[in-house]
Amino acid sequence: MMNLTDNWNELTPDEKFEARFESLKAAEGVEFVNEEIEEKYKATVQRLKDVIELKQPDRVPIAPNIGFYPAEYAGITAEEAMYDYDKLGMAWEEFNQDFDFDFLVSTAMIGPGPVFETLDYQLYRWPGHGTEPDTSYQCVEDEYMKADEYDALIADPSGFWMRNYLPRIFGSLAPWSQLGPFTDLVELPFVGPSMFPVGLPDVQEAFEKYLEAGREALEWIQATGEIDGKTTATQGVPGFLGGVTKAPFDVLSDTLRGTQPLMIDMFRRPEKIHEAMEQIVPIMIETGIRGATANNNPMVFIPLHKGADSFMSREQFQEFYWPTLKQVILGLVEEGCVPFLFVEGAYNKRLDLIADPELPEGRTYWLFDKTDMVEAKKHLSGKAAIGGNVSASLIKTGTPKEVKDYVKDLMENVADDGGFILSTGVVVDDAEPENLKAMIEAAKEYGVY
Amino acid sequence: MSKNLVELLADLNEDEALNLIESKIEDGTNPRDILEDTKEAMQIIGSRFEEGEYFLPELILSGEMINDIMEIIKPHLVDDGEEDEKLGTIVLGTVKGDIHDIGKDIVAFMLDINGFEVHDIGVDAPIQKFIDKIEEVDPDIVALSGFLTTVFDTMKDTIEAIKDAGLRDDVKIMIGGGPIDEQITEYTGADDFGDDAMEAVALAKKWMGE
């Protein structure tokens, strides 16, 4: 947890940015095993800060996007990683030790199986619950919000979430649809009628499950906090993520309406999409900031999905996707956070649009997957840090020499004057270890400035 | 002059097109003619998609429009046993372990409106399901979809199983999905891959000698 100073609200965005990185570097509460490790940690934070500010660091930071691969590497299943935190700890510790990336490969994104099970989570299938024990979790899109529910969402997002959305995505919370909104609780005569649904037997049972899930989540966060804390202290690797948030269009598309229904809404009720996205903007900003502060790390991860080249046209991107995403980016930067935008798929046709002159320079990080890196560099040079994009196919089926050649090429043609982070283009669930090692070696060999 | 049905549909003027269809039905127009117009419009939509004028949202909307049209005209359609000649038969599915469907569905839709007979076996499709379907419909082409990086091996296994079942020489195999590229094509033993639905259609047409 980062302690915000008393005068926090008087600080400028730049001062907040500095304060957040200072706090990350100070690593209060972390007991490093020795001074050398502590120095390594601080140097890595500085390396990241330099890159974000578009300065030349000592060398290119190495921060691949790792998913479930550490489980496979250490010989446990993805299911075990989500249910048995001792095994999770062993596997991720081994992986972090053997590969020695610049940043922590955290256990936090793996998620707690027992919590999902208690809540009877419908939005995802996870290992052993709909997917194979050794396969990552996967989203099950559906119309969790109906076409005629935009007004309800817009009028009261929290109420909509509690009484409409959660009962649909968590089987155990289905009875919550009978609850009234908290805003019913105004004066004395309202209290009784508003409270009685809470007493209904099935609602009571839903709350029991909710409490149980809470206890399980606490257990999980203590376990993962301990695992990650130990790795940071022994290996001097800072975390790479503070908060997580999403583009407002993706909240509607991934989370609420589903990809295809939302695309139809773009023709049938575009004004409702815009109104809903405006409502979601401050919520997404706040979510990201809160995570960054809680985890004492200014980086706010924003995985970008439905705005990619293959999903919509440039015009649709300009109309539906970019304006509210830009608001989220600006809102995060205003609070000293660093939006870490992960462009899944490709943005080859809209690099000029994201090189928006209204975004402050040196305050964002764009991670690319299949986007042309040389073009990305051309457009974002002097504006934003970029990273990428060793492909999953290369990591899984290439040779160490091919990986090294690819990295060398990135170093020469994209990373040449700083502002670059070496990463994988996708989240890695499957790999050949010698290829991942070749990626690190190549960065250390060719990525020194 | 008002636009004709083909234009209305191709331009995605949903309400006007549906109103026109309803009044045509009332006037006693043969529903087969409406179907023909719809098909023609879909081909225009398909080529606008290929040319980059339309994108996924337009394609999805046109799919929705077809559903609405079928709902209106189905009660009036008499089965006259007339079957269109197809360019080729394709078995398509997302491989075992992966439940992603958006890309697969778009490919199926584009192949369908381009004149292929598409047998979609769904997501998370076990190897045996592919084999069974291939044996059942004797396709020209098999299309494997997958989005996760763990599908590389599953695709490879699926293609090997098709080979072991003695069916490999009868079919061309294409693969596609987020992380799929040339390297994975080689790795899995597929014949080729496509980056998007248009490439899938182009490949299928090429293989059918079109």
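Helices here are DSSP runs of H or I, at least four residues long, and strands are runs of E, at least two, both numbered from the N terminus. With that in hand, let's go. One caution: this is a predicted model.

I'll start with helix H14 of chain A. It covers residues 314-334. At A:Tyr321 the helix bends by about 45°. A proline, A:Pro323, follows within four residues of that point. Now, which residues of H14(A) are buried? The list opens with A:Gln316 and A:Phe317. Then come A:Phe320, A:Tyr321 and A:Trp322. Next are A:Thr324, A:Leu325, A:Val328 and A:Ile329. A:Leu332 and A:Val333 complete it. So the bend residue, A:Tyr321, is itself on the buried list. A general reminder: an α-helix has 3.6 residues a turn, so positions three or four apart point the same way. Just past the end of H14(A) sits A:Gly336, with a positive phi of about 85°.

Two residues other than glycine also have a positive phi. Take A:Asp100, with phi near 50°. It lies in the loop between helix H5 (85-99) and helix H6 (113-119) of chain A. Is A:Asp100 buried or partly exposed? Partly exposed, because it has 14 other C-beta atoms within 10 Å, and buried starts at 20. Now A:Asn296. Its phi is about 50°, again positive, and it is not a glycine. It sits in the loop between helix H13 (270-294) and S5 of chain A. A:Asn296 counts as buried because it has 20 C-beta neighbours inside 10 Å.

On to the sheets of chain A. One is an open sheet of 6 strands, in the order S4-S5-S6-S7-S8-S9, with parallel pairing. Its edges are strand S4 (243-244) and strand S9 (420-424), each pairing on one side only. S4(A) is joined by 2 bridges to strand S5 (residues 299-304), and the two run parallel. There, A:Gly243 stands opposite A:Val300. Helix H16 (residues 373-380) of chain A packs on this sheet. H16 touches strand S7 (365-368) and strand S8 (385-390), and its direction makes about 175° with that of S8(A). S7(A) and S8(A) run parallel, joined by 3 bridges. A:Leu367 faces A:Gly387 of S8(A) across that pair. How many residues of S8(A) are buried? 6 of its 6.

Chain A has another open sheet, with 3 strands in the order S2-S1-S3 and mixed pairing. Strand S2 (130-131) and strand S3 (138-139) are at the edges with a single partner strand each, so one side of each lacks a neighbour in the sheet. Strand S1 (residues 124-127) is joined to S3(A) by 2 bridges, and these strands run antiparallel. A:Arg125 has A:Gln138 as its bridge partner in S3(A).

Next, domains. Chain A is assigned domain 1 (8-63 + 240-446) and domain 2 (111-234). Their C-alpha centres lie 28 Å apart. In the contact, 19 residues of domain 1 meet 17 residues of domain 2. On the domain 1 side, helix H11 (248-257), H12 and H13 each supply at least two residues. H13(A) gives the largest share of that side, 5 residues. By class, the domain 1 side has 8 nonpolar, 3 polar and 8 charged residues.

Chain B is divided into domain 1 (5-76) and domain 2 (88-207). The C-alpha centres of those two are separated by 28 Å. Here 7 residues of domain 1 contact 6 residues of domain 2. Helix H3 (31-50) and helix H4 (56-73) of chain B each supply at least two residues of the domain 1 side. H3(B) gives the most, with 4 residues. That side has 3 nonpolar, 3 polar and 1 charged residues.

Last, the contact between the chains. It takes 30 residues from chain A and 22 from chain B. On chain A, helix H12 (259-268) and helix H17 (392-397) each supply at least two residues. Which helix gives the largest share of the chain A side? H12(A), with 6 residues. By class, the chain A side has 11 nonpolar, 14 polar and 5 charged residues. Note that H12 of chain A also supplies at least two residues to the domain 1 side that touches domain 2 of chain A.

Notes
Residues numbered from 1 in each chain as written. Chains lettered and ligands numbered in written order. Predicted model: local features only at pLDDT ≥ 70, side-chain atom pairs only at ≥ 80, totals over all residues. Pairing = 2+ DSSP bridges. Contact = placed C-beta atoms within 7 Å. Axes fitted to C-alpha atoms, helices over the stretch in contact; angles between N-to-C directions. Bend = angle between axes of the 7 residues up to and from the residue. Buried ≥ 20, exposed ≤ 12 C-beta atoms within 10 Å, placed from the backbone. Nonpolar A, V, L, I, M, F, W, Y, C, P; charged D, E, K, R; others polar. Domains from an automatic or database assignment.
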